[in-house]
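Visitor: Please pick one part of this structure and take me through it closely. I would like a single connected account, with the surroundings brought in where they help.

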Amino acid sequence: MTDRIIDESGGGIDYIAVEESERFQGLKRMQRSFIFPLAAFFLLWYFAYVLLAAFAADFMSQRVWGDITIGLLLGLGQFVTTFAITMGYVSFANRKLDPVAKEIREDLERAEVAK
């Protein structure tokens, strides 16, 4: 990749070439392969909760324990799911995305110093 980083016309970094490089495209694919399925899952889970609240009030108002209802538990589950997805993404990014992004950034920094 370093051979295409420096733009021949002005000596600056060719960011278009960096963006089109296989390593950068692989980084984007890796990120999207994690984000899109989880986003779809969360949206389905969220809309299921909203639809249950709107159209299954009897089900959602069933008491589980004392004043705790199924609706309350599912609502709290929305928060738990949000935090779990966030923690999962941070872990994934730290292990998989950040090392590749760091390599790309270091290549760009070396190219900037070399010009």
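**A close look at helix H5**

Guide: Start with a pair in helix H5: arginine 110 and aspartate 107 both belong to it, 3 residues apart, which is about one turn of the helix. In an α-helix there are 3.6 residues to a turn, so residues three or four places apart point the same way. The model is predicted, and everything here should be read with that in mind. The two side chains form a salt bridge, with 2.3 Å between the closest N and O atoms. Salt bridges with shared partners tie Arg23, Glu103, Asp107 and Arg110 into one network. How exposed or buried is aspartate 107? Its relative accessible area is 9%. The cut-off for buried is under 20%, so aspartate 107 counts as buried.

Now the helix as a whole. H5 covers residues 70-114, 45 residues in total. From first C-alpha to last, H5 reaches 62 Å. At 1.5 Å a residue, 66 Å would be expected, and the actual span is close to that. H5 also has a kink. The kink is about 45° and is centred on alanine 93.

Move next to threonine 81, another residue of helix H5. Threonine 81 has a relative accessible area of 15%, so it too is buried. What does threonine 81 contact beyond its neighbours within four places in sequence? The answer is Phe41, Phe42 and Trp45. With tryptophan 45 there is also a polar contact between the side chains, at 3.0 Å.

Phenylalanine 42 shows the other side of this meeting. Phenylalanine 42 sits in helix H3, which runs over residues 22-55. Setting aside residues up to four places away in sequence, phenylalanine 42 touches Gln78, Thr81, Thr82 and Ile85. Phenylalanine 42 and threonine 82 are 40 residues apart along the chain, yet their C-alpha atoms are separated by 8.1 Å. Is phenylalanine 42 buried or partly exposed? At 21% relative accessibility it is partly exposed, because buried requires under 20%.

Helix H3 begins at residue 22, and glutamate 22 has a salt bridge of its own. The partner is arginine 29, with the closest N and O atoms 2.7 Å apart. Glutamate 22 is exposed, at 57% relative accessibility. Arginine 29 is partly exposed, at 48%. One more salt bridge lies just ahead of H5 in sequence: the side chains of arginine 63 and aspartate 67 meet at 2.8 Å, N to O. Both arginine 63 and aspartate 67 are exposed, whereas aspartate 107 is buried. Across the whole structure, 6 salt bridges are found.

Finally, the setting. The protein chain has 5 helices and 2 strands. Along the sequence, their pattern is α-α-α-α-β-β-α. Of its 115 residues, 23% are buried; aspartate 107 and threonine 81 are both in that class. The chain exposes about 8200 Å², and carbon and sulfur atoms supply 65% of that area. Take contacts between residues at least 6 apart in sequence: 57% of them join residues at least 24 apart.

Notes: Residues are numbered from 1 along each chain as its sequence is written. This is a predicted model: local features need pLDDT of at least 70, side-chain atom pairs count only at pLDDT 80 or more; totals for chains, interfaces and linings use all residues. Side-chain values use heavy atoms; hydrogens and water are left out. Helices (H or I, at least four residues) and strands (E, at least two) are DSSP runs, numbered from the N terminus. The expected span of a helix is 1.5 Å times one less than its number of residues. The bend at a residue is the angle between axes fitted to the seven residues ending there and the seven starting there. A salt bridge is a side-chain nitrogen of Lys or Arg within 4 Å of a carboxyl oxygen of Asp or Glu. Buried means under 20% relative accessible area, exposed over 50%, partly exposed in between (1.4 Å probe, protein chains only). A polar contact is a pair of N or O atoms within 3.5 Å; within protein, one must be able to donate a hydrogen and the other to accept it, and residues adjacent in sequence count only if both atoms are side-chain atoms. Contact means heavy atoms within 4.5 Å. Accessible areas come from the Shrake-Rupley method with a 1.4 Å probe; for residues, only the protein chains shown count as cover.
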